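Colleague: Please explain how the terms used for this structure are justified.

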Amino acid sequence: MKTIKNIDSFGHVRGESLFVDDIPTLQGTLYGVTFDSPKAHGTIKNIDYSKAESLEGVVKIFTYKDILGENQIGGIIPDEPLWAEDEVHFIGQPIAFIVATSEAIAKKSRALITIEIDEKPVITTAKEAKEKGSFINAPRSFKLGNTTSSFSNCEYIIEGETFSNGQEHLYLETQGCYAVPMENGNIKITSSTQGPTSVQKTVAKVLGVSMHKIEVDVIRLGGGFGGKEDQATPWAVMAAVAVQNLKKPVKYILNRHDDLRMTGKRHPYESTFKIGLSKEYKIQAFEVEFLQNSGAAADLSPAIAERTLFHATNSYFIPNVTTIVHSCKTNLPPNTAFRGFGGPQGMFVIESAIAKAAEEIGIDKKEIQELNLLQENDEFSYGQIATQVEMENCWTSAKNNFNSAKLEEEIAAFNNKNTQYKKGLSFMPITFGISFTNTPMNHARALIHIYQDGSVGVSTGAVEMGQSVNTKMLQVASVTLGISTTKVKLETTNTTRVANTSPTAASATADLNGKAVLKACNSLIDRLTTVASTLLAVDKGVIQFKNDMVYVNQQQTSLTWEKVVEQAMFERVALSENAHYATPIIHFDKTKEKGHPFAYHVYGTAITVVTVDCLRGTYEIDAVKIVHDFGKSMNIGIDTGQIEGALVQGIGWMTLEEISYNEHGQLLSNALSTYKVPDVFSAPKTIEVLPLETLGNEHAILKSKAVGEPPLMYGIGAYFAIQNAVKEFNPNYQLKFDAPFTPEKVLMGLYEE
Ligand code: MTE
Ligand code: LUZ
Ligand code: MOS
């Protein structure tokens, strides 16, 4: 298929693309700022707004008392107020919303508010929460076979603990929205959200109005990465409450500090595992208990916990599995979706367990990995039978194409010669399920207009956030209609054109919305074929639309696309179509924790090579060589970009990015000086991506598999490659599974006794 560049790239490099803050403001626009809790847990004794309110330019300070509907924004569990009432549960919890004639005045006013809080004990870690019985909901557990009995048949049994820290999304565009009053109490909100319908629904609930009074429009996001799946909502609701009350436009863009302090991140996980292997190194049994640090409210934590269980065995077949996850309630901002959605946290534990087993048995980790790779018709712990499995293909192809045997020899030779520098290598296989794990969310719609001049407008429920989903939708429309890409325009994502959408998430956006676009275009083509067949006096069956022309029996005619559209208009044929797509074959029974939740899986293998400076503890990622199962990629440039971005994000999570809260629940890593994200210097020096040759999957759009999240987990390979290098230098080093593996920890490891 002919591929095209991301349709946004030109606008982006010229600074012409519009984000929320770029929308021209209307006269009389007001600006909001949040007053949030300075304490992580306690009862509010008193708040004095008098000085803040009397500042010139302050229009009104909103609190929960101004809410006409419900003070509730929890999506999965109703456990989160928009604004705190009597109690606060994390530093950064919104208490009031100051609306003023300028942002500067609103901020000045915020500093004049005084608050007295009766402090209560603060919990910051999942373990502490579990000890105190502080949970979001009941635990979930998946079981396959019988771990208890199978451990007794194991030759090797290894137990251990792991920790993986949170991760800040650091989307370039911070959270924000612009809410404008329309007639009859209607409100239009432009939001930087991955979930326009969630915003619409929650605004309606808090305002106490029907959903049809609220229109949400999304142009594009300057990145979301999961951070705007649920957590773009509160800011839009606050602005909407103010608009409802003041009948003036209200803009609210969070500055970076406010965003970092008030929003949740990837969930930190503390886990304990037990793994059992046979004499032949076959993994017989695996038990794991995951403690998810959910923060102070549910947000998406239950769904994220569930995906951790789905990916707890990563790319391996294990006949006896018992997994359990506790969503632990702590006094941190509610943690939320982040690329991989709990999957990476699960995979880090099984990779750690295999690494520890290999160390204790005295063999190479990769031997155990390779022996246990998922095969055709293997059963996952959740009951789905694996089909069209490409795991071993990816692994073998990586080994052969990148000549890993030679790489390993070179590394051994290097390590022999050098003392200050040591190299390490790792293999990281991935298997990621595509579909929202909550089956009812797997649907989408597209609304397509063919205008009478032959140009086309496409609306879907997909939100463009840099992943280039709009470009893919445009490709689907242009290929299916047989017209050039310049004739197709992607509209903004708007709840009045495409309603009841699932968020842009789970890597499934292009599949779900693309299938709807395909269906709508096929219906339109069917009608236009009838029109063309009359014009040309031929059978419908011999007609094809291609290259902006009509073809008969593969032969180009002189009939143009425009002429057919014009004739269709004349004949009063409908030139608009709305199509709905719902993923077939998927189902899941939560009472049994069994089913077939995923339309298909994405597979791949990464080989990572690193060099550690054993004097300083610093390291470089020399190369990451990946064989990835794209199916039949519809746009290899875009898909390779997704692999590179996700990989670097995954490496950042595993090596550099260290979220730090003190015991009072205060975020210490609250700026880019204290929170290190990968830059061009810490990114791998080379990234090679080799597409696996496969037939693709019929549930993927045009057989092009979902690509957004899976490659993040290649980054886990960096942790184990660094560990291997540390072991080369210090044979006394005891394996630790405590991510991120920062240069400080590497240095300690290099010199531990
Ligand atoms: N790529 C960019 N540039 N920006 C983003 O915010 N989000 C990721 C991924 N790739 C993201 C991105 C996440 S978390 C998901 S779920 C998918 O894109 C969502 O888009 P898709 O379903 O179209 O793959
Ligand atoms: N969001 C969600 C997700 O609601 N359900 C999911 O299964 C999911 N998976 C990945 C990312 N976001
Ligand atoms: Mo992605 S975590 O599904 O937004």
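**Sheet and helices**

Modeller: In this predicted model, an open sheet of four strands with mixed pairing has the order E16-E27-E28-E29. Strands (E, at least two residues) and helices (H or I, at least four) are DSSP runs, numbered from the N terminus. Residues are numbered from 1 along each chain as its sequence is written, and local features need pLDDT of at least 70. Side-chain values use heavy atoms, with hydrogens and water left out.

Colleague: What makes E16 and E29 edge strands?

Modeller: Strand E16 (421-434) and strand E29 (686-691) each pair on one side only. Two strands pair if DSSP finds at least two bridges between them.

Colleague: How do you know that E27 and E28 pair?

Modeller: Nine bridges join strand E27 (residues 600-613) to the antiparallel strand E28 (residues 619-628); the definition asks for at least two, so they pair. Val609 stands opposite Ala623 in E28.

Colleague: Why are H15 and H16 called roughly perpendicular?

Modeller: The axes, lines fitted to C-alpha atoms over the stretch in contact, give angles from 0 to 180 degrees between N-to-C directions. Those of H15 (residues 509-536) and H16 (residues 561-570) cross at roughly 95° and come within 9 Å. Angles of 65 to 115 degrees count as roughly perpendicular (under 35 roughly parallel, over 145 roughly antiparallel, the rest oblique), and H15 and H16 are therefore roughly perpendicular.

Colleague: Which residues of H15 and H16 meet?

Modeller: Contact means heavy atoms within 4.5 Å. Among those that meet are Ile525 and Leu528 in H15, and Trp561 and Val564 in H16.

Technical notes: Chains lettered and ligands numbered in written order. Predicted model: local features only at pLDDT ≥ 70, side-chain atom pairs only at ≥ 80, totals over all residues.
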